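Dear colleague,

I am handing over the structure we spoke about, with the sequence and coordinates placed just below. After them you will find my notes on what came out of the analysis.

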There are 2 protein chains.
Amino acid sequence: MDGTDDYVLDEQVGFLMRRANQRHLAIFARSIPDLTPTQFAALARLCELERVSQNALGRATAMDAATIKGVVDRLRARGLVEVTPDEVDQRRVVLAPSEAGRALFRSLQARAASITAETLAPLSDGERETFLSLLRRLV
Amino acid sequence: MDGTDDYVLDEQVGFLMRRANQRHLAIFARSIPDLTPTQFAALARLCELERVSQNALGRATAMDAATIKGVVDRLRARGLVEVTPDEVDQRRVVLAPSEAGRALFRSLQARAASITAETLAPLSDGERETFLSLLRRLV
DNA sequence: CCGCGATTGTTGGTATACAAGCGGATTTTG
DNA sequence: CAAAATCCGCTTGTATACCAACAATCGCGG
């Protein structure tokens, strides 16, 4: 039992992912101060899907129903998302990006791409590919 | 300008990290329901450092001063951490794991290690090494 | 057509997380 | 030694994030 039980926090994948995520979040906030990563993800998906229900958007962006509600509320409050009741299913609301939402997304697209680049900047091109493909298998 | 502006959310490192983290958090919560990953990290560091101030523990676990306060409060409420005022520096409080805290950490250590293993289970041994070493460079 | 399970959106509660700002203590510096 | 800078812990406010519970609605089987 000499070395089997040493638990080194700094080598745990969860701790490393948390810290890597912190660094990425800081890069994002510096580059796009107006929108959080979550809000941007929701807006991006909405621009891609055009018309979806709230929960469906949540599933498409890996967010809980309770979480997506708050995100959509904040996007709505800023006029980036429009909400209309679904005509057939009375439980649903249909979300769509407003013209302002679409314009904002377009204007931020390039910056968003550069955020990914900056996050991965410590790695070489090949390492980036490797990292992303391994990461994709851990979702 | 045909393909330069397609922003694919699912390929962004932030989105992938968020989802990989979600999966890891779910594994953690299933395996150690009593403690959050953050609380466990703080407890682990505390067992390693024995006696630290609150903010110092926060820095050692990559937590904001406001964040570590809440974490320590909850650990204290469960009797896992003991607090004494620092004798020299009157601003500081000195944290130390209680006997119960040390015992809990010891009893969870193996499970914590298996959480890392389960999180990385989709990868082969070599891929795990690669992933961790790349991830370590992104913190 | 009736009932029952599933889905939709909502709410409340808990737990990170960070920014900003506070008063107080300590250390550095001029 | 006094002023400035720094550090300490705290609080407030905002934003994820998830769970659990809820009413309203929908769809399907009988």
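In this predicted model, an N or O atom in the side chain of A:Arg18 sits 2.8 Å from a phosphate oxygen of DNA strand C. Two further side chains of chain A approach phosphate oxygens of that strand, with a polar atom of A:Arg59 at 3.2 Å and a polar atom of A:Gln22 at 3.4 Å. As for where such residues come from, the elements that each give two or more residues to the surface near DNA strand C are α1 (13-31), α3 (54-60) and α4 (65-77) of chain A, together with α2 (37-49) and α4 (65-77) of chain B. Of these, α4(B) gives the most, with 4 residues.

Taken as a whole, the surroundings of DNA strand C comprise 24 residues, and the closest are A:Arg18, A:Asn55, A:Arg91, B:Thr36 and B:Arg74. On the DNA side, sugar and phosphate make up 74% of the atoms of strand C that come within 4 Å of the protein. Sorted by class, the surface near DNA strand C holds 9 charged, 9 polar and 6 nonpolar residues.

DNA strand D can be described along similar lines. It has 23 residues around it, of which A:Thr36, A:Arg74, A:Gln90, B:Asn55 and B:Arg91 come nearest. Sugar or phosphate accounts for 77% of the atoms of DNA strand D within 4 Å of the protein, and bases for the rest. The polar contacts here include one from A:Thr36, whose polar side-chain atom lies 2.3 Å from a phosphate oxygen of DNA strand D, and one from A:Thr38, where an N or O atom of the side chain is 3.4 Å from a sugar or linking oxygen of DNA strand D. A base oxygen of DNA strand D is also reached, since an N or O atom in the side chain of A:Arg91 is found 3.2 Å from it.

The elements that each supply at least two residues of the surface near DNA strand D are α2 and α4 of chain A, along with α1 (13-31), α3 (54-60) and α4 of chain B. Here α4(A) gives the most, with 4 residues, and the class counts for the surface near DNA strand D are 5 nonpolar, 9 polar and 9 charged.

How are the two protein chains related? A rotation of 180 degrees, with 0.0 Å of shift along its axis, superposes chain A on chain B with an RMSD of 0.1 Å. The two copies are therefore related as by a two-fold rotation axis. Within chain A, the residue that comes closest to the rotation axis is A:Phe131, whose C-alpha is at 3.1 Å. Because 100% of the interface residues of chain A are also interface residues in chain B, the copies meet through the same surface.

Turning to the interior of chain A, you may wish to look at A:Leu35, which is placed in the loop between α1 and α2 (37-49). With a relative accessibility of 3%, A:Leu35 counts as buried, the cut-off for that term being under 20%. Apart from its neighbours within four places in sequence, A:Leu35 is in contact with A:Phe28, A:Phe40, A:Leu43, A:Leu75, A:Arg78, A:Leu80, A:Leu104 and A:Leu108. For one of these, A:Leu75, the separation from A:Leu35 is 40 residues in sequence and 9.2 Å in space, taken from C-alpha to C-alpha.

The strands are the last topic. In chain A, strand β3 (residues 93-97) is largely enclosed by the rest of the structure, because 4 of its 5 residues are buried. Strand β1 (residues 52-53) of chain A pairs with β3(A) in the antiparallel sense over 2 bridges, and A:Val52 has A:Leu95 as its bridge partner in β3(A). Strand β2 (residues 81-85) of chain A runs antiparallel to β3(A) and is joined to it by 5 bridges, with A:Val81 standing opposite A:Pro97.

In chain B, the order β1-β3-β2 describes an open sheet of 3 strands with antiparallel pairing. Its edge strands are β1 (52-53) and β2 (81-85), each of which pairs on one side only. Between β2(B) and strand β3 (residues 93-97) of chain B, which run antiparallel, there are 5 bridges, and B:Val81 stands opposite B:Pro97 in β3(B).

With best regards

Note on methods. Residues are numbered from 1 along each chain as its sequence is written. Chains are lettered from A and ligands numbered from 1 in the order in which they are written. This is a predicted model: local features need pLDDT of at least 70, side-chain atom pairs count only at pLDDT 80 or more; totals for chains, interfaces and linings use all residues. Side-chain values use heavy atoms; hydrogens and water are left out. A residue is near a molecule or strand if one of its heavy atoms lies within 4 Å of it. A polar contact is a pair of N or O atoms within 3.5 Å; within protein, one must be able to donate a hydrogen and the other to accept it, and residues adjacent in sequence count only if both atoms are side-chain atoms. Ala, Val, Leu, Ile, Met, Phe, Trp, Tyr, Cys and Pro count as nonpolar, Asp, Glu, Lys and Arg as charged, and the others, Gly among them, as polar. Copies are superposed by least squares on the C-alpha atoms of residues with pLDDT of at least 70 in both. Contact means heavy atoms within 4.5 Å. Buried means under 20% relative accessible area, exposed over 50%, partly exposed in between (1.4 Å probe, protein chains only). Two strands pair if DSSP finds at least two bridges between them.
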